[in-house]
Amino acid sequence: MRMYDVILKKRHGEILSDEEIKFFIEGYTKGEIPDYQASAFCMAVCFSGMNDEECASLTYHMMNSGDTVDLSAFPRTADKHSTGGVGDKTSLIVAPTVASLGCTVAKMSGRGLGHTGGTIDKLESIPGYRTGFTPEEFMAQVEKIGVAVVGQTGNLVPADKKLYALRDVTATVDSVPLIASSIMSKKLASGAESIVLDVKYGSGAFMKTTEEAEVLAEKMVMIGKIQGRKMCALITDMDKPLGKNIGNSLEVIEAVEGPYMISRCQGDAYSCTRTDCRLHGIYGKISAMVRKELDAISFDTICGDE
């Protein structure tokens with residue numbers, strides 16, 4: 001099998017087999033396929049797309065390109081992901097909030113992609129904060145405090161780590177199959193039982209319309225369900241920045257000091273929190289005061305198990 005033929009086949013809009021996708025992911029991860037061919041492959045996917053089977057296969061092989069985390073020893077494991085936008089610091093609020101309500105939050109986050117800042121970039125703006133954990137350290141922190149947010153380190157999803165950086169400099173960011181497989185390979189490798197997706201649309205997001213956001217959300221929900229996860233996606237707008245502060249360190253300060261004063265950021269964060277708790281069947285068990293606070297917000301479109 002030659003990578004040239006795989007690129008040509010996808011450029012012509014043909015459907016790739018599981019073996020062809022596995023060949024690409026394994027070869028690129030090992031360094032046997034060069035960046036210029038991987039770039040050509042990503043551009044071919046941007047133009048020709050992928051069907052559900054191809055997207056699920058790409059995600060599966062990316063997920064298994066390295067180690068995966070087994071969280072079966074912990075109760076009610078939950079994860080959350082936002083597709084990003086300007087001033088989006090909801091993960092900084094959601095992770096500790098959901099953990100405080102009885103779920104276990106074990107989250108692998110990414111860096112900035114395109115014009116958006118990643119959660120890991122925001123956390124690393126805190127002097128001395130470390131986001132590079134070994135799998136053993138990751139598990140120890142989850143066991144100790146019920147929440148951990150880490151970057152991609154060691155041998156966790158190395159295929160995505162390479163492709164993520166490549167797409168950022170080759171104008172291949174805004175492709176639904178590539179976005180979905182990148183997000184879901186990390187989410188699935190992290191081992192959480194339930195995954196809530198906050199899919200943004202609007203002028204400050206990769207998806208410009210609700211229709212585009214729903215296509216991406218449905219693709220990711222489909223991938224997660226195939227792997228046996230509880231899935232839900234919220235479709236939320238990014239026509240305006242979330243909150244008042246923009247910039248890594250400024251967003252951390254805002255998330256710590258004033259989440260209850262930021263209506264739009266608060267609304268998105270509460271939506272994700274409520275959905276995580278419902279997926280695990282514990283929403284009715286938390287205090288009436290907390291439920292009243294979480295219910296006093298408006299939800300956007302929802303697709304999945306919620």
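Helix α5 is a good place to enter this predicted model: 8 of the 11 residues in α5 are buried, leaving the helix mostly covered. The buried set consists of Thr90, Ser91, Leu92, Ile93, Val94, Ala95, Val98 and Ala99. An α-helix has 3.6 residues a turn, so residues three or four places apart point the same way. Just after α5, glycine 102 adopts a positive phi of about 115°.

Helix α5 also links two strands. Strand β1, residues 77-82, and strand β2, residues 104-108, run parallel and are joined by 2 bridges. On the path from β1 to β2 the chain passes through α5, residues 90-100, and this β-α-β crossover is right-handed. Within the pair, threonine 77 stands opposite threonine 104 of β2.

Strand β1 itself is mostly covered, with 6 of its 6 residues buried. Thr77, Asp79 and His81 point one way from β1, while Ala78, Lys80 and Ser82 point the other way, and all of these residues are buried. Burial in β1 thus takes in both directions.

A further parallel partner of β1 is strand β4, residues 194-201, to which 5 bridges join β1. Here aspartate 79 stands opposite isoleucine 195 in β4. These two residues are 116 residues apart in sequence, yet their C-alpha atoms lie 4.8 Å apart in space. Isoleucine 195, which has its place in strand β4, counts as buried because its relative accessibility is 0%, against a cut-off of under 20%. Contacts across long stretches of sequence also figure in the protein as a whole: of the contacts with a separation of 6 or more, 77% are between residues 24 or more positions apart.

Strand β4 also leads to the nonpolar interior. In soluble globular proteins, nonpolar side chains tend to be buried together. The largest nonpolar core of this model has 38 residues, of which Met184, Leu197, Val199, Leu216 and Met220 touch the most other members. Two or more residues of this core come from each of α4 (52-63), β2, α7 (135-145), β3 (147-150), α9 (176-190), β4, α10 (210-226) and β5 (230-237). Apart from this core lies another, of 20 residues, including Ile21, Ile25, Tyr28 and Ala38.

What surrounds valine 199, leaving aside its neighbours within four places in sequence? The residues in contact with valine 199 are Thr83, Ala213, Leu216, Ala217, Met220, Ala233, Leu234, Ile235 and Thr236. Leu216 and Met220, in this list of contacts, are also among the core residues that touch the most other members.

The cysteines were examined as well. A disulfide is a covalent bond between the sulfur atoms of two cysteines. A search of the whole structure finds 0 disulfides. Cysteine 55 counts as buried because its relative accessibility is 0%, and cysteine 232 is likewise classed as buried because its relative accessibility is 0%.

Seen as a whole, the protein contains 13 helices and 6 strands. Of its 306 residues, 57% are buried. The accessible surface comes to about 13100 Å², and carbon and sulfur atoms account for 53% of this area.

Methods:
Residues are numbered from 1 along each chain as its sequence is written. This is a predicted model: local features need pLDDT of at least 70, side-chain atom pairs count only at pLDDT 80 or more; totals for chains, interfaces and linings use all residues. Side-chain values use heavy atoms; hydrogens and water are left out. Buried means under 20% relative accessible area, exposed over 50%, partly exposed in between (1.4 Å probe, protein chains only). Helices (H or I, at least four residues) and strands (E, at least two) are DSSP runs, numbered from the N terminus. Two strands pair if DSSP finds at least two bridges between them. A crossover is right-handed if, with the strands pointing away from the viewer, the path from the first strand over the helix to the second runs clockwise. A disulfide is a pair of cysteine sulfur atoms within 2.5 Å. A nonpolar core is a set of buried Ala, Val, Leu, Ile, Met, Phe, Trp, Tyr and Cys residues joined through side-chain atoms within 4.5 Å. Contact means heavy atoms within 4.5 Å. Accessible areas come from the Shrake-Rupley method with a 1.4 Å probe; for residues, only the protein chains shown count as cover.
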